[in-house]
Amino acid sequence: MMITKLDQMFEALKNSKKKRLVAAFANDEHTISAVNMAIDMGLVEGTLVGDKVEIEKVCDEHNININKFKVVHEPNEMNAAYKAVELINNGEGNLLMKGLVSTDKYMRAILDKEKGLMTKGAVLSHVTVMENPNYHKLLIVGDVAILPAPELSEKIAITNYLINTAHALGIEKPKVALIAASEQVSIKMPACVDAAIISKMADRGQIKGAWVDGPLALDVAIDQESADIKKVGGNVAGDADCLVFPNIESGNVFYKANTKLALGEQGAIVVGAKVPAVLSSRGDSAKTKLYSIALAALTAP
């Protein structure tokens, strides 16, 4: 089944074996309600790591049945993050979610060299799946949140993460555009040079499972008319599934323009660790949190 709308992830998960979500320091209503909704929709099973007294209080105040969850008592914020990671490492969960724990402590637990979720040489990155009302299909983009100025090796990792996510969404051979300011290769612009190298690597089979092209300007990547006018051919131009941005500024601006100007929806996950991780913000809508949980469950081992 190829998923063409974010809502379709819910149906796909209902027909598959349930994954277990582990929420780190899940003392807050935002996290508990999101996990509760995901359980009610049949998307995941849930474990809440945090202060059991606080979790019970939130559940009572919001009429949530606490018996839906497995609750692991750990009242200390940092210890709760490490405990959630420990449960994942012990095979007691397939995906991780940030609760009330601060982002730096959450990431510290994931990145810990001895107790964390990273394998040697892995690159931690961020993948977003966007549904824009002005585009004819889903867009899978990265990195908009973690890697400030990715080097060539990191861009290769981002490219592969986007391809893997596209495959999980049922896109058999996704079209990957390596974004730069121009589709012309200019040695004065590192983004163009890196894109040309990655594109040639894909041509020679070093990157598999997708059509990869670049450098491509954004208009050429996603608008067929622009590609035709500029006489840029190939399998990707005008019809990209995936966008690899050259740096966090360009990716983050695109992400926020999608949500604030185009009123698009999205789900996002942190990838590169042993399991996908949800890094939700208190400002995220309930729907965004659900989409992110669903995306993590869909891509989880």
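Trainee: Hi! Which residues line the largest cavity?

Mentor: Hello! In this predicted model, the lining of the largest cavity is made up of K155, L178, I179, A191, D194, A195, V244, F245 and P246.

Trainee: Nice. What volume does the largest cavity have?

Mentor: About 50 Å³. With the cut-off set at 30 Å³ or more, the count comes to one cavity.

Trainee: Which elements give two or more residues to the lining of that cavity?

Mentor: Those are β7 (175-179) and α7 (190-203). Helix α7 gives the most, with three residues.

Trainee: A191 caught my eye there. How far apart are E151 and A191 in space?

Mentor: Their C-alpha atoms are 9.7 Å apart, while in sequence the two residues are separated by 40 places. E151 sits in the loop that runs between β6 (139-142) and α6 (152-168).

Trainee: And is E151 buried or exposed?

Mentor: Exposed, because its relative accessibility is 53% and the cut-off for that word is over 50%.

Trainee: OK, on to pockets. What is the volume of the largest pocket?

Mentor: Roughly put, about 520 Å³. It has 24 lining residues, and the closest to the pocket centre are Y255, Q266, S281, D284 and T288.

Trainee: Which elements give two or more residues to that lining?

Mentor: You'll find α10 (248-260), β10 (265-271) and α11 (286-299). The top contributor is α10, with five residues.

Trainee: Let's switch to helix α3. Which of its residues are buried?

Mentor: In α3, which spans residues 52-61, the buried ones are I55, V58 and C59. They are on the same side of α3, because the arc they cover around the axis is only 100 degrees.

Trainee: What about the other side of α3?

Mentor: There you have V53, D60 and E61, and these are exposed.

Trainee: So what covers the buried residues of α3?

Mentor: The cover includes α2 (29-40), β2 (44-50) and β3 (70-73).

Trainee: And what happens at the start of α3?

Mentor: A side-chain oxygen of D51 comes to within 3.0 Å of the backbone nitrogen of V53. As for what comes after the helix, α3 is followed by N63, with a positive phi near 55 degrees.

Trainee: You mentioned α2. Is N36, in that helix, buried or exposed?

Mentor: N36 is buried, with 10% relative accessible area. Leaving out residues up to four places away in sequence, N36 touches I64, K68 and F69.

Trainee: Back to backbone angles. What is phi for F25 and for K231?

Mentor: For F25, phi is positive, near 55 degrees, and F25 is not a glycine. K231 is not a glycine either, and its phi is positive at about 55 degrees.

Trainee: Where are F25 and K231?

Mentor: F25 is in the loop between β1 (19-24) and α2, and K231 is in the loop between α9 (224-229) and β9 (242-244). F25 is buried, at 9% relative accessible area, whereas K231 is exposed, at 75%.

Trainee: Which peptide bonds are cis?

Mentor: Among them is the bond from G142 to D143, where omega is near -10 degrees. D143 belongs to the loop between β6 and α6. Another joins G214 and P215, with omega about 5 degrees, and P215 is in strand β8 (residues 211-216).

Trainee: Last one: how is the protein divided into domains?

Mentor: There is domain 1 (6-120) and domain 2 (125-262). Their C-alpha centres are 31 Å apart.

Conventions: Residues are numbered from 1 along each chain as its sequence is written. This is a predicted model: local features need pLDDT of at least 70, side-chain atom pairs count only at pLDDT 80 or more; totals for chains, interfaces and linings use all residues. Side-chain values use heavy atoms; hydrogens and water are left out. Buried means under 20% relative accessible area, exposed over 50%, partly exposed in between (1.4 Å probe, protein chains only). Helices (H or I, at least four residues) and strands (E, at least two) are DSSP runs, numbered from the N terminus. The arc is that of the directions from the helix axis to the C-beta atoms. Contact means heavy atoms within 4.5 Å. A polar contact is a pair of N or O atoms within 3.5 Å; within protein, one must be able to donate a hydrogen and the other to accept it, and residues adjacent in sequence count only if both atoms are side-chain atoms. Domain bounds come from an automatic or database domain assignment. On a 1 Å grid over the protein atoms alone, a cavity is a set of points where a 1.4 Å probe fits but cannot get out, and a pocket is an open set with protein on both sides within 12 Å along at least five of seven lines; lining residues have an atom within 4 Å of a point. Grid points are joined across faces, edges and corners, and a volume is the space filled by probe spheres set on the points.
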